[in-house]
Every structure is written in structure tokens, then in C-alpha cells.
Amino acid sequence: HNRYKQIASFRLIRRYIIWNEDLESLNKTEQEAIMAHEWSHIEQGNTFEEIFFSILQIFWFVNPAFY
């Protein structure tokens, strides 16, 4: 949404951080903190974790404990 200052990170074959130009209005320390946070998501492999849980949700309905 345009009114929010969005940023995202993910890793598939390569590593990506999507940066919103509106974040350029923040001071350098705040920008570095955001980049460090997003880099930590990449280093921790959160992309693969999210993909795994998304696939798991598809099959979750077959789990008897669900009912």
C-alpha cells in the first residue's frame, strides 16, 4: 500500500532486499537498522521457512489432529 513505507527481503537462488524510495527520508542510522534487520532474515533462512509452512498449510487439513 502506498501510504506504508514497505521493505522486504527473501532468498531463492540469490539474495534480495526490496527497498522503498520513501525510506530515503529516514536518517542513516535508521536505514542501517532496517537493512540489518532484513539481512538477518536472509541469513536465518526465513524465506525457506515461510515456503515450508505455506506448503504444510496446504496439507494440514489431512491431519486428524486438525479435526
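Let's start with arginine 15, which is partly exposed, with a relative accessible area of 44% (buried means under 20%, exposed over 50%, partly exposed in between, using a 1.4 Å probe and protein chains only). You're looking at a predicted model, where local features need pLDDT of at least 70 and side-chain atom pairs count only at pLDDT 80 or more, while totals for chains, interfaces and linings use all residues. Residues are numbered from 1 along each chain as its sequence is written, and side-chain values use heavy atoms, leaving out hydrogens and water.

**The overall layout**
- The protein chain has two helices and two strands (DSSP runs numbered from the N terminus: H or I of at least four residues for helices, E of at least two for strands).
- Walk along the sequence and you meet them in the pattern β-β-α-α.
- Of the 67 residues in the protein chain, 15% are buried.
- The accessible surface of the protein chain adds up to about 5800 Å², with 60% of it belonging to carbon and sulfur atoms (areas by the Shrake-Rupley method with a 1.4 Å probe; for residues, only the protein chains shown count as cover).
- Take the contacts between residues at least 6 apart in sequence, and 39% of them join residues at least 24 apart (a contact is heavy atoms within 4.5 Å).

**The hairpin**
- Strand 1 (residues 7-11) and strand 2 run antiparallel and are joined by five bridges (strands pair if DSSP finds at least two bridges between them).
- Together, strand 1 and strand 2 make a hairpin, with three residues between them.
- Phenylalanine 10 sits opposite tyrosine 16 of strand 2.

**Aromatic rings**
- Two aromatic pairs turn up in a search of the whole structure (ring centres of Phe, Tyr or Trp, taking its six-membered ring, within 6.5 Å; planes under 30 degrees apart are stacked, over 60 edge-to-face, the rest tilted).
- One of them is the stacked pair of phenylalanine 10 and tyrosine 16, at 5.0 Å centre to centre with 25° between the planes.
- Phenylalanine 10 is partly exposed because its relative accessibility is 26%, and tyrosine 16 is partly exposed as well, at 36%.

**Salt bridges**
- The whole structure holds two salt bridges (a side-chain nitrogen of Lys or Arg within 4 Å of a carboxyl oxygen of Asp or Glu).
- Back to arginine 15: glutamate 43 forms a salt bridge with arginine 15, and the closest N and O atoms are 3.4 Å apart.
- That pair ties together distant parts of the chain, since arginine 15 is in strand 2 (residues 15-19) and glutamate 43 is in helix 1 (residues 28-43), 28 residues apart.
- Glutamate 43 has a relative accessible area of 43%, so glutamate 43 is partly exposed.
- Lysine 28 forms a salt bridge with glutamate 32, with the closest N and O atoms 3.7 Å apart.
- Both lysine 28 and glutamate 32 lie in helix 1, four residues apart, or about one turn of the helix.
- Lysine 28 is exposed at 60%, whereas glutamate 32 is partly exposed at 46%.

**A nonpolar patch**
- Leu12, Ile13, Phe48, Ile51, Ile55, Ile58, Phe59, Phe61 and Val62 form a nonpolar surface patch, together offering about 970 Å² of accessible area (patch residues have over 30% relative accessible area and no salt bridge; like charges are joined within 9 Å, and nonpolar side chains, meaning Val, Leu, Ile, Met, Phe, Trp and Tyr, within 5 Å).
- Isoleucine 51, one of the patch residues, is in helix 2 (residues 46-59).
- With a relative accessibility of 38%, isoleucine 51 counts as partly exposed.
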